[in-house]
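This report covers a cavity, a sheet and the helix contacts of one protein chain. The sequence and structure come first.

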Amino acid sequence: MRSVTGRLMLLDTASLYFRAYFGVPESVKAPDGTPVNAVRGLLDFIDRLVKDHRPDHLVACMDADWRPAWRVELIPSYKAHRVAEERPAGPDREEVPDTLSPQVPVIEAVLDAVGIARVGVPGYEADDVIGTYTARAEGPVDIVTGDRDLYQLVDDARGVRVLYPVKGVGTLALTDEAALREKYGVDGPGYADLALLRGDPSDGLPGVPGVGEKTAAKLLAEFGDLAGILAAIDDPGAKLTPAQRRRLAEARPYLAVAPKVVRVADDVPLPEVATELPKAPRDPGALDALTARWGLGGSLERLLTTLRS
């Protein structure tokens, strides 16, 4: 990938267009009556993010595979409840609202015409793309996501923080190491260990029975990390209750594979793309056609004005 030395903003694009879809009324429609609330909402999100945070580079990270087979092999329940259709020859189809699915190709076409880098890699989730860009960035990184899993990438020393939308993108929770320690008692890497111990029903991660968020945080405070907790199971002098020792011992098969599932990849083969924030549309003709077809109106014009400035 090209060297990125300025401030890099990484968008967890699906997370943001889902929020746009549910945050903007379906009465926002194209001239033919097709809902475009997610499209226009996402453009408004990006406009606000660029205005407020002034990144030098911007990448819309995509889920080329929202449920990678290598994760499912390790934990079969991973996102299983969100499968709408199993596809043996390719990624399973995710359960998505009927009026959102048709908007996703429009979002992709508009981002491409504007010139905002859009990156998805077969076999990987957007989180993995974000993790790899973050690992290779030479400057500060702002990760914009509604997925707390990416808290694991927070790193004050490298200037990596998460901007978590609380209400739209007008109100963002800026998450750095201090915020993580205050709320969860862990740093960035510690959040991944906390998440796999606690589990996450929304991702189909079972966690360790009887170990909730507070217990997980206490265990990590006592033993440092997952490796320390696993070592404590066989240490008679370790400060574990009998029930905790038993539950952790019984969960060993899960704990052996969960880190690879929960921790985002940092070695994705990223394509060579220009990530600099565009000053002018890459394909004005295509953008004009998309604007006329989908009625992108003020949302697109505001974003283009912000990019020009």
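Five nonpolar and five charged residues, with no polar ones, make up the lining of the largest cavity. The model is predicted. The volume of this largest cavity is about 90 Å³, and the structure holds one cavity of 30 Å³ or more. Its lining consists of Arg71, Tyr78, Glu125, Asp127, Asp149, Asp203, Leu205, Val261, Val262 and Val264.

**Sheet**

An open sheet with mixed pairing is formed by six strands, ordered S5-S2-S1-S6-S7-S8. Strand S5 (117-119) and strand S8 (171-175) are its edges, each pairing on one side only. From one strand to the next the twist averages 25°.

At the S5 edge, the pairing with strand S2 (residues 57-61) is parallel and runs over three bridges. Within this region, Cys61 has Val119 of S5 as its bridge partner.

Helix H2 (residues 37-53) lies across several strands: strand S1 (8-12), S2, strand S6 (141-144), strand S7 (160-167) and S8. The angle between H2 and S1 is about 155°.

**Helix contacts**

H2 also meets helix H1, and a second helix pair is formed by H4 and H12. The axis geometry of both pairs is tabulated below.

| Helix pair | Axes come within | Crossing angle |
|---|---|---|
| H1 (residues 13-23) and H2 | 8 Å | roughly 115° |
| H4 (residues 103-114) and H12 (residues 284-294) | 9 Å | roughly 145° |

The crossing of H1 and H2 is right-handed. On the H1 side the contact involves Thr13, Leu16, Tyr17, Arg19, Ala20 and Tyr21, and on the H2 side Asn37, Ala38, Gly41, Leu42 and Phe45. Sorted by class, the residues of this contact are seven nonpolar, three polar and one charged. Arg19 is the charged one, because Arg counts as charged and none of the other residues listed is Asp, Glu, Lys or Arg.

H4 and H12 cross in the left-handed sense. From H4, the residues in contact are Val106, Ala109, Val110, Ala113 and Val114; from H12 they are Ala286, Leu287, Leu290 and Trp294. This contact has nine nonpolar residues and neither polar nor charged ones.

Conventions: Residues numbered from 1 in each chain as written. Predicted model: local features only at pLDDT ≥ 70, side-chain atom pairs only at ≥ 80, totals over all residues. Heavy atoms only, no water. Axes fitted to C-alpha atoms, helices over the stretch in contact; angles between N-to-C directions. Helix = DSSP H or I, 4+ residues; strand = E, 2+ residues; numbered from the N terminus. Left-handed = near helix turned anticlockwise from the far one by under 90°. Contact = heavy atoms within 4.5 Å. 1 Å grid on protein atoms, 1.4 Å probe; cavity = no way out; pocket = protein on both sides within 12 Å on 5 of 7 lines; lining within 4 Å. Points joined across faces, edges and corners; volume = space filled by probe spheres on them. Pairing = 2+ DSSP bridges.
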